[in-house]
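Good morning, colleagues. Please bring the sequence and the structure up on your screens, and follow along as I go through the contacts one by one.

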Amino acid sequence: MGAAETADQGLPRPAGYRRSAGYRRSAGTPRGEARRRELLDRVVDDLAVNGLVDFSLRRAARAAGTTHKVLLYHFDGADDLLQQAIWRLRERRIANSLALADVAQPQTMAARVRAVWVALVGEESRVLDQAIGLMMYDSDRYVGLGRGASQQYMPALLSICPPHWPEQRKLEVSELILAALRGFLIDRLTSGNSEGVEAGFEALARALDREEAASSLLGRQFANHVVHFWV
């Protein structure tokens, strides 16, 4: 999803990711890559439960059941490990969002986005909110935590658009949804104004209903025009 893929087993990388000399020591073999993925998954599980506060290489090593030297063999330090873990947490969030969107009823755009919202404020929310805070606090050091996030989310949003929409329309509406939901998440975190967030979300849902209705109307008008032309 907008990221480079590794040559071994297709593990996604954040956009702009560069391999370091430290990482190359463990790359190139299926066994080494499998071990790296296992360690990363354990660190991600720890972050999901305990958040980013006091995150360090030694804490990550304890969570992964190994030593910090082993982690340094597979990752280019704590910041590299954290960047990859945040990327993986977003992947979990996206998978949960799509699973809920697939069973939303009715299968309207607004209903799908409501389902996505439930996943956005789910288990991964606290950690990803903290990552946003770190980026704002020290953007030079932690810019990698957010690099490529939009590209990571966009394929999922595009996929819940009505399939008959033109690609440009899907892109425009997906960008609108992404910006709105991101704003709601930040407002929810910083202001605590849950009623305001709910009101804004309802306005977004109504806008999506109108967008979908307008698209259906245009489709019917076009079909009628074609029928009359041939008759």
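R141 has a relative accessibility of 48%, and it therefore counts as partly exposed, since that class ends at 50%. I should say at once that this is a predicted model. What does the side chain of R141 meet in a salt bridge? The partner is D79, with 3.1 Å from N to O. This pair links distant parts of the chain, because R141 belongs to helix 8, residues 139–142, while D79 belongs to helix 5, residues 77–102, and the two positions lie 62 residues apart in numbering. D79 is likewise partly exposed, at a relative accessible area of 32%.

That bridge is one of 10 salt bridges in the structure. Let me turn to another, between E211 and R169, where the N to O distance is 2.9 Å. Here too, distant parts of the chain are linked: E211 sits in helix 11, residues 194–230, and R169 in helix 10, residues 167–190, with the two 42 residues apart. Are these two residues buried or exposed, or do they fall in between? E211 is partly exposed, its relative accessible area being 28%. R169 is buried, because its value of 18% falls under the 20% limit. R169 also has an aromatic contact: it lies over the face of W165, at 5.3 Å from the ring centre.

A third salt bridge joins the side chains of E38 and R35, at 3.3 Å from N to O. Why are E38 and R35 separated by about one helical turn? The reason is that they are three residues apart in helix 2, which covers residues 30–50. Both are partly exposed: E38 has a relative accessibility of 33%, and R35 has 28%. The bridge is also part of a network of salt bridges that links R35, E38 and R42.

I now move from charges to rings. A pair of aromatic rings is described by the distance of the centres and the angle of the planes. How many aromatic pairs does a search of the whole structure find? It finds three. One of them is formed by W117 and F201, a tilted pair with 5.6 Å centre to centre and 45° between the planes. Distant parts of the chain come together here, with W117 in helix 6, residues 109–120, and F201 in helix 11, 84 residues apart. Both W117 and F201 are buried.

F201 also pairs with F184. Their ring centres are 6.3 Å apart and their planes stand at 50°, so this pair is tilted. F184 is in helix 10 and F201 in helix 11, 17 residues apart, and the pair is again one that links distant parts of the chain. F184 counts as buried at 15% relative accessibility, and F201 is buried at 8%. Taken together, ring pairs link W117, F184 and F201 into a cluster.

Next, the nonpolar interior. In soluble globular proteins, nonpolar side chains tend to be buried together. In this model, the largest nonpolar core has 51 residues. Which residues have the most contacts inside it? They are L47, L81, I86 and L181. The elements giving two or more residues to this core are helix 2, helix 3 (57–64), helix 5, helix 6, helix 7 (125–137), helix 9 (149–159), helix 10 and helix 11. Consider I86 in particular: apart from its neighbours within four places in sequence, I86 is in contact with L52, V127, L128, A131 and L145.

Let me end with the overall picture. The protein has 11 helices and zero strands, and along the sequence the pattern reads α-α-α-α-α-α-α-α-α-α-α. Of its 231 residues, 42% count as buried. Among contacts between residues at least 6 apart in sequence, 65% join residues at least 24 apart. The accessible surface comes to about 12400 Å², and 56% of this belongs to carbon and sulfur atoms.

Technical notes: Residues numbered from 1 in each chain as written. Predicted model: local features only at pLDDT ≥ 70, side-chain atom pairs only at ≥ 80, totals over all residues. Heavy atoms only, no water. Salt bridge = Lys/Arg side-chain N within 4 Å of Asp/Glu carboxyl O. Helix = DSSP H or I, 4+ residues; strand = E, 2+ residues; numbered from the N terminus. Buried < 20%, exposed > 50% of the residue type's maximum accessible area, 1.4 Å probe, protein only. Phe/Tyr/Trp six-rings, centres within 6.5 Å; stacked < 30°, edge-to-face > 60°. Lys NZ or Arg CZ within 6 Å of the ring centre and 35° of its normal. Core = buried A, V, L, I, M, F, W, Y, C linked by side-chain atoms within 4.5 Å. Contact = heavy atoms within 4.5 Å. Areas by Shrake-Rupley, 256 points an atom, 1.4 Å probe, with all protein chains shown as cover.
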